[in-house]
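Please open the structure in your viewer and keep the selection tool at hand. The tour goes from one selection to the next and says what is to be found at each stop.

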Amino acid sequence: MSTITNIAKSFFHACETGGGWEACKAYCAPDASFSAQADALTKVKTLQEYTDWMKGLLTFVPNGRYEIKSFATDDERQNVAVYGIFHGTHTGQGGPCPPTGKSTSTDYVYVIQFDGETIIGLTKIWNDALAVRDLGWA
């Protein structure tokens, strides 16, 4: 198994379980970039901001969890793609409105870019509009 595969798995778990930047920074360049074509994330530009955004999300979606459907490494291009499904229910205080009690199961893909053994960027491919509607936020 490739080294970047192992690093990506460790990073993914730390990020998706709400570890925030503190749990994720060991795998990343300090200035690692983040991008997504999703309205919910338009102001998020760094991986530090994104990992802390995920940590915050899990305070008001406390049962949030991931299900990995595919995990693929492209050694030639130095990236790892992870396709997952996020499951969760808005039951906690915080977020865009009081708890709705509504749930989502939303597909997403991370493409994690490496320079050597360091994550330098992450692109999230996600249709946030569906998740926002499922959770009763729109």
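Begin with helix α3, where Leu47, Tyr50, Thr51, Met54, Leu57, Leu58 and Phe60 are buried. Keep in mind from the outset that this is a predicted model. An α-helix has 3.6 residues a turn, so residues three or four places apart point the same way. If you now show what lies over the buried residues of α3, the cover includes α1, α2, β1, β3, β4 and β5. For a check on the geometry, select the end C-alpha atoms of α3: its 14 residues reach 21 Å, close to the 20 Å expected at 1.5 Å a residue.

Next, select helix α1, residues 3–16. Its buried residues are Ile4, Thr5, Ile7, Ala8, Phe11, Phe12, Ala14, Cys15 and Glu16. The end C-alpha atoms of α1 are 20 Å apart, which agrees with the span of 20 Å that its 14 residues should have at 1.5 Å a residue. After the helix comes Gly18, whose phi is positive, near 85°.

Now colour the strands, which form an open sheet of five in the order β1-β5-β4-β3-β2, with mixed pairing. The edges are β1 (28–36) and β2 (65–74), each of which pairs on one side only. From one strand to the next, the twist averages 20°. Bring α1 back into view and you will find that this helix packs on the sheet, touching β1, β2, β3, β4 and β5, with its direction at about 140° to that of β4.

To follow the pairing, start from β2 and β3, which are antiparallel and share nine bridges; within β3, Val80 is the bridge partner of Thr73. Moving on, β3 (residues 79–89) is joined to β4 by eleven bridges, again in the antiparallel sense, and here Gly84 has Tyr108 as its partner. On the way to β5 (residues 118–126), β4 pairs antiparallel over eight bridges, with Asp115 opposite Thr118. These two strands, β4 and β5, form a hairpin with two residues between them, and Gly116 in the turn has a positive phi of about 65°.

Stay on β4 and display its side chains, which alternate along the strand: Thr104, Thr106, Tyr108, Tyr110, Ile112 and Phe114 point to one face and are buried, whereas Ser103, Ser105, Asp107, Val109, Val111, Gln113 and Asp115 point to the other and are not.

From the buried face, pick Thr106, which counts as buried because its relative accessibility is 9%, below the 20% cut-off. Its side chain makes a polar contact of 3.0 Å with that of Trp126. Beyond its neighbours within four places in sequence, Thr106 is in contact with Gly84, Ile85, Phe86, Trp126, Asn127 and Ala131.

Tyr110 is the next residue to select: leaving out residues up to four places away in sequence, it touches Phe12, Cys15, Glu16, Tyr50, Met54, Val80, Ala81, Val82, Leu122, Thr123 and Lys124.

Finish with the largest nonpolar core, which has 33 residues, and in which Phe11, Leu47, Tyr50, Tyr110, Ile112, Phe114 and Ile119 touch the most other members. At least two residues of this core come from each of α1, α2 (20–24), β1, α3 (47–60), β3, β4 and β5. Which element gives the most to this core? It is α1, with seven residues.

Notes: Residues are numbered from 1 along each chain as its sequence is written. This is a predicted model: local features need pLDDT of at least 70, side-chain atom pairs count only at pLDDT 80 or more; totals for chains, interfaces and linings use all residues. Side-chain values use heavy atoms; hydrogens and water are left out. Buried means under 20% relative accessible area, exposed over 50%, partly exposed in between (1.4 Å probe, protein chains only). A polar contact is a pair of N or O atoms within 3.5 Å; within protein, one must be able to donate a hydrogen and the other to accept it, and residues adjacent in sequence count only if both atoms are side-chain atoms. Contact means heavy atoms within 4.5 Å. Helices (H or I, at least four residues) and strands (E, at least two) are DSSP runs, numbered from the N terminus. Two strands pair if DSSP finds at least two bridges between them. Axes are lines fitted to C-alpha atoms, for helices over the stretch in contact, and angles run from 0 to 180 degrees between N-to-C directions. A nonpolar core is a set of buried Ala, Val, Leu, Ile, Met, Phe, Trp, Tyr and Cys residues joined through side-chain atoms within 4.5 Å. The expected span of a helix is 1.5 Å times one less than its number of residues.
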